[in-house]
Every structure is written in structure tokens, then in C-alpha cells.
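These are my notebook entries on what I looked up in the structure. I began with the surroundings of the ligand and then turned to the sheet.

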Amino acid sequence: MAKTDTTVKTLARYGLTDEQLREMFRNMLMQRQLDNRGFQLNRQGKVPFALGSEGHEALQAGAAMAFTRGKDILAPYYRDLGLALGIGLTPFEIMLSIFARAQDHNGGRQFPNHYSSKKAGLMSFSSILAAHIPHAVGAAYALKLRRQADRAVLVTCGDGTTSEGEWHEAMNFAAIHGLPLVMLVENNEWAISTPLDKQMGQPEIWKRAEGYGMPGKRFNGFDPIETYGVVKEAMDRARGGGGPSIIEGMCYRFLAHSTDDNDMTYRTKDEVVEHRKHDPVPRFEALLLEQGVLTASAVDAMKKDVLRETNEATDQAEALPYPQASDLYTNLFEGAWQPWQ
Ligand SMILES: Cc1ncc(C[n+]2csc(CCOP(=O)(O)OP(=O)(O)O)c2C)c(N)n1
Ligand SMILES: [Mg+2]
């Protein structure tokens, strides 16, 4: 730790050190750089698909800080680039997924942006919305049955996903069994082209927690420190045998849903520009400068380093081969059996 915590006197920081604040900021810069790279590679015709976490940076960087590496389990969804980075995946691993190369942990056969890492405790997940939530609950059930009281599962999803039946069933089961689980909802106000008021009659998702019999809370997902405080509290409760909770971070999706979407067909540019005024990345940068956690030259150096790392990860991943067609059924069927035999 380079500086002591006394540097920031007025900031409520829930025990976060200067080093951790800088790490969160670097994560946010890295998210933005990798997002941008994914969209560029798509427009260059090098990758068929990409989507971004722009607007979710603070929420994900803050939440990742509350995850205990080597113990907790993360069951994320496709927009969780910052969570994946924050629990230890490298930009190179992210690029292997985007480029669908054989060396990717999923063998290059998953949808892009669907990361997994056994080492990091990151569960592989499905594009089918909410399908991963019962899986996460199952993992939490296993932790409870094994009496591993110092571990918890952090499961995430978007606002729209909370309308799926599996989401409700999973929450109910987690509550009944008092499982060590935190349901983190990343509310960005849109489910592709569907706004919140067309997704649900009660737009305050955290309030559903009471109906299941668990604690719930809503927080400002544009603030990484507040996010950390809320996620840490919920994870500590889960680890300590206090059961599950539903926490809802408010953010906004600045980009289109994905490279396959044109958001100007269902929302206005003015709406996006209005939300951009609260962009969490420059806001956090300004806060860290004001509090003396970073200097302007340190920010500059960090941005250059993030770009360098992104460029290297891109080049390294791009140079690697795709999976072989002959490996299509590897790890799916036992032995050499092929489905057409
Ligand atoms: C069961 C199911 N229905 C529909 C889709 C198509 N789909 C993919 S992402 C998405 C929107 C999800 O919105 P939200 O949960 O709010 O997450 P966000 O993308 O906004 O982060 C939809 C409808 C799907 N993948 N699975
Ligand atoms: Mg959404």
C-alpha cells in the first residue's frame, strides 16, 4: 500500500484503501477500453459480435471488490466484463472469448462475452436469461450442505431478467433454505428495446425481497464506493449464515444492447446524452484527484498502460487458432462417440 488511508478524510469508504480505490478505477478504465475494442473489432469484420458494460463500470468494479478471491463463486451474466476483470480474469482471457479462440476456457465454443474460469470461481453461464440463477442457487446450496461458512455466491442479472419465472423460483428456494447468496440486479433501465415500465408493474426490484422473506436494498450503481459498501454488507451477511438478499444497483446502458442493435430505433439521443452527464468514469476520476488518491500524471500513465495492455491482449489473442471442427463434441459426449453414429 503506497499511501495510508488518512489521505482521504471526508470520503465514506467502507475501509477501502487508496490502493483498492486505484484498482477499482483501473478496472473501470479497462472496461471502457475493452468495450471500445470489441466494437472496433466488430466494425473491422474481425469478430461477429460484441457488447459493452459502458454505464455499468462503477457498479461492477465496486461489486468485484467485495468478492473474496479463492473462496467466493461468481455467477455473472453477459454484461459483466468489469466483474470478470475485478475477480482476476486478464484482458487476454477476455479477448480469447471475444475472438472465440481454441485457448479460451470454453474452448472458443461459447457465445462471446460469456466468460468462465474454474480458477477464478467464475461459473459458465447461458444466454438464456435467468437460466444461470437456479445454477447459482444450487452452488449456494452446496456451500451450505458442505458447511463452508466462509464462502458465498454472487449472482448477477439485468432488470429485464427479473421478469423470468426462473428468477422468482430461484429467489424463493434461496430464501426457504437461507442460502449464502447475493442477488445483484444491474438495473440499466432497458432490456434491449423494452423500457422498465413495460417489464414490470413494480419498478423497484429490491422491494420484492420482502415478499420472499429476505433483506433488499437499492443503491447508486454510478458510485463504486457505495456499491462496494452495499455488496460487501450483503456478502458478509451471506457468509456469516445470515442468508440471501436482493440488492439493486441503478445504472444506465450507454451503448446499444450489442453490436447487433440500433438503439436509436427505440430511445432518443437526448435521453442518452442526459444520462452521460452522470458518467461514472470521469466522475470517479475527478473524485480521486480531488481526494489526492491519484495525481493527473498518474491518471495519464494509467490510461496509457490500459491501452497498451488492451493492444497486447488483442494482438496475442488474434494470432491464435480457432477450435477445430473435429473438437465440436469434446467435453460434451464421453469417449469418441459422435452424435450421428
Ligand atoms: C429467455 C430469453 N428470452 C429472451 C432473450 C433475448 N434477450 C437477450 S438479452 C435480453 C435483454 C435482457 O435485459 P436485462 O436483463 O435488463 O439485461 P441488460 O442486457 O439490460 O443488461 C433479451 C430479451 C434471451 N436471451 N433469453
Ligand atoms: Mg437491463
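**Entry 1: the ligand shell**

I sorted the residues of the shell around ligand 1 and found six nonpolar, six polar and three charged. The model I consulted is a predicted one. In total, 15 residues surround ligand 1. The closest are Leu-129, Gly-158, Gly-160, Thr-161 and Ala-191. I then asked which elements give two or more residues to this shell. They are strand 2 and strand 4, the latter covering residues 190–191.

**Entry 2: the sheet**

I next looked up the sheet, which is open and has five strands in the order 1-2-3-7-6, paired in parallel. Strand 1 (73–75) and strand 6 (216–220) each have a single partner strand, so one side of each is left without a neighbour in the sheet. From one strand to the next, the twist averages 20°. I noted as background that strands of a sheet pair through backbone hydrogen bonds.

Strand 1 and strand 2 (residues 153–158) run parallel and are joined by three bridges. For Leu-74, I found the bridge partner Leu-154 in strand 2. Helix 5 (residues 132–145) lies across strand 1, strand 2 and strand 3 (181–187). Its direction is at about 170° to strand 2.

**Entry 3: Glu-169**

I located Glu-169 in helix 6, residues 165–176. Is Glu-169 buried or partly exposed? I recorded it as partly exposed, because 14 other C-beta atoms lie within 10 Å, whereas a buried residue would need 20 or more. Lastly, I checked Asn-262, 93 residues from Glu-169 along the chain: their C-alpha atoms are separated by 33 Å.

How values were computed. Residues numbered from 1 in each chain as written. Chains lettered and ligands numbered in written order. Predicted model: local features only at pLDDT ≥ 70, side-chain atom pairs only at ≥ 80, totals over all residues. Pairing = 2+ DSSP bridges. Helix = DSSP H or I, 4+ residues; strand = E, 2+ residues; numbered from the N terminus. Axes fitted to C-alpha atoms, helices over the stretch in contact; angles between N-to-C directions. Contact = placed C-beta atoms within 7 Å. Buried ≥ 20, exposed ≤ 12 C-beta atoms within 10 Å, placed from the backbone. Near = placed C-beta within 6 Å. Nonpolar A, V, L, I, M, F, W, Y, C, P; charged D, E, K, R; others polar.
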